[in-house]
Each structure stands twice: as C-alpha cells, then as structure tokens.
Amino acid sequence: MATRPGATRLVAWCAYLAAASRAIIVLLLEGFMLRSIAVLSLLAAFSLAQESAPAKPVAPGSAAYLAQQGEKLSRDGKQDDALALFGKALDKSPGMYEAHLGMGEALDLKGDYEAAREHFTKAIDVAPDASKEQALRALAVSYAFEANAYKAAEPEMQVFNKRLAKSDSEGAAEICNELARIYLESGDPDHAFKWYRMGYQTMANKTDLPADDKNLWLFRWESAQARVAARNAKPDEAKQHLTAAKAVLDKGNLPSQVHFYPYLAGYVAFYTGDFKTAVAELQKADQRDPFNVVLLAQAYEKSGDATQAKVYYGKVLEMNMHSPTNAFARPIAKKKLEGGA
C-alpha cells in the first residue's frame, strides 16, 4: 500500500526531533561533565595549594619568633643565648606555652633542674590539650636528669592514665616502657621490671594484635628482661634473654628493630663485665643516641682506654636533645669530664 506524503513528512519530522533531542542531551551532559571536571580540578588545585603552602612566617621580634630562635640556639648548644630569647618571649607573652617549655629544656641541659621544673610546671598549666602530654613527659625527663624515678613517675602516670582513658593501649604501653627505663637507669631494676611487664601484658592481652606487632612487643620484653637481669648481676639470665631477643629478630619480620640489637648486646656485655665485647657491639650501635655513646665511653674507660673514653664523653655533651636517653647520659659525661668519679 502506498504511503501518503503527509505521513512521510511526519515520520521524517519525528526522526529529526529525536536526533536533535539526543544531540541536545549529549551537549548538556558534556557541559555538565566539563563543569564538574573544572570544579574538581579547582578543588584539587586549592587542596594541593593548601597542603604545599609553607607555614605563615612569624613576625620578626614577636614572642613566637623569639621562642623559635631560642629553640634553635638550644639545639645548637647555646643554652645561655637561648634562655635570653625565651625570657624576652615571656616578657611579651607571659603565658606562652612554647617559651616555658623551651626555657625548661634549656635549663635542664645546663643542669639547673629546679629552675627547669618551675617552667615545665607552668607549661603544663598553660598547655593546649594537644600539648599537655608533651609537657608532662618533659617534666618526667627533667626528674630523670637527676635519676629521681619516683618523681618522674608522677607526670608519667598522668600520661598513662590519659591514654588508657582513650583506649590507647599501645600508647599506654609505650609510657610503661618509658617509665620502666627511667627506673632502670636510675638504679632501680626491680621497679623497672614491673613496669616493663605491665607494658608487655597491656599489648599481649590484645586479641586483635597483628602477628608482627606481637613479635615487636615480645622483642621489647625479652630486651627489657635482658637489661634488668644484667643490672641485677645475673649474667646467665641476661644472656638467655639476649638470645631470645635475637631469635625474635631472626624471624625476619622486624627489620626496623634490627639496629637496636648491638645496643642491647653491648648493654648486657657492659653490665656483666665483658668490656671488650661491649666496645665492639656499641661501636655498631646508633652513634646519634647519647645513651649508646655514654655506654661506649664507659666501656672504653673500663677497658683502660682513657683517651677514647674522653672523646666519647665529649660527643655526648655535643648532643642537645631533651630526651630520656640524654637525661641518662649527659650528667654522667659532664661529671666524667669535670674530673668526677
């Protein structure tokens, strides 16, 4: 049957409208996508700019600027100059947390511990919530400079309780180990053992602890027992735990801990009277850690090499970090170089 002309035109017109509609939809979608891409690109660029933008510099002469410069001078071993700048910062801003903290650290490095603790106490009072633990631990380190573990335990316990309250088991366990080490190097291995054990049990009791983390805390626990036994004059027990610690490392899943083994072996050797082995092992330990270096100096001294001992005691005093390891090492080095026993 023949198609009527009107019907043919109608079909053609419908086909035209359909094609035009599709074209318009495509254009609209393309435009939307382009605009979306442009917006996303702008957002990404803005985010990148925010991340890569350097911190806004502080104004020269401001309290923040003076505190920053004081921190740098203290790290460079210029504690008197640092204290002068911290003092000026506090004149401008008496409640400035960073200035009180920096003042305390510089005073500890100079050996003025009582004055240091006055500033740490003030730093704790004015610290923002995010910095409260830092200030408390700095106070504990100040007591460690004088081997006063019982007083160091007070701020450490506050940090420990804060972390437990937040269900931060790992953080709490790390504080246990930190306090244990303060006890150990303050000459109280029995209290050290109790805190090391608490730290280990805190992590060992976690049912969701990955296997690598279990091995990490086992290595720390065996290391702790080796050092405690060495300080308690139990050489056979110390060597057993040293061997157990090495066996954990030999599993191969703790590469970040391998470099601690020479320190551990050197520590056990030193405190069990094998000074030749202590020198050999501690030479392989981290020479940026003041406690490793002061142990090496003492091992040289015990071996009869006073010249090398003096060199390494001097290296300790060139290190100006405010940390537990320096709190243990710096007073020993200072006393030795000043002619003390």
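The following paragraphs lead from the overall fold of this predicted model to one helix and one surface patch.

The secondary structure of the protein consists of 16 helices and zero strands. Of its 341 residues, 42% are buried. Among contacts with a separation of 6 or more, 53% join residues that stand 24 or more positions apart in the chain. The protein exposes a surface of about 18600 Å², of which carbon and sulfur atoms supply 56%.

Helix α13 illustrates how a single element is placed within this arrangement. The helix spans residues 275-282, and its buried residues are Ala278, Val279, Glu281 and Leu282. An α-helix has 3.6 residues a turn, so residues three or four places apart point the same way. The buried residues of α13 pack against two helices, namely α12, which covers residues 261-271, and α14, which covers residues 290-302.

The surface offers a second point of interest. Asp168, Glu170, Glu174, Asp212 and Asp213 together form a negative surface patch. Two helices, α8 (169-185) and α10 (211-231), each contribute at least two residues to the negative patch. Glu170 may serve as an example, since this residue belongs to helix α8 and is also a member of the patch. Glu170 has a relative accessible area of 38% and is therefore classed as partly exposed. Membership of a patch requires over 30% relative accessible area, and the 38% of Glu170 satisfies that cut-off.

Notes: Residues are numbered from 1 along each chain as its sequence is written. This is a predicted model: local features need pLDDT of at least 70, side-chain atom pairs count only at pLDDT 80 or more; totals for chains, interfaces and linings use all residues. Side-chain values use heavy atoms; hydrogens and water are left out. Patches are made of residues with over 30% relative accessible area and no salt bridge: like charges are joined within 9 Å, nonpolar side chains (Val, Leu, Ile, Met, Phe, Trp, Tyr) within 5 Å. Accessible areas come from the Shrake-Rupley method with a 1.4 Å probe; for residues, only the protein chains shown count as cover. A salt bridge is a side-chain nitrogen of Lys or Arg within 4 Å of a carboxyl oxygen of Asp or Glu. Lys and Arg count as positive and Asp and Glu as negative; His and the chain ends are not counted. The place of a charge is taken as NZ of Lys, CZ of Arg, CG of Asp or CD of Glu. Helices (H or I, at least four residues) and strands (E, at least two) are DSSP runs, numbered from the N terminus. Buried means under 20% relative accessible area, exposed over 50%, partly exposed in between (1.4 Å probe, protein chains only). Contact means heavy atoms within 4.5 Å.
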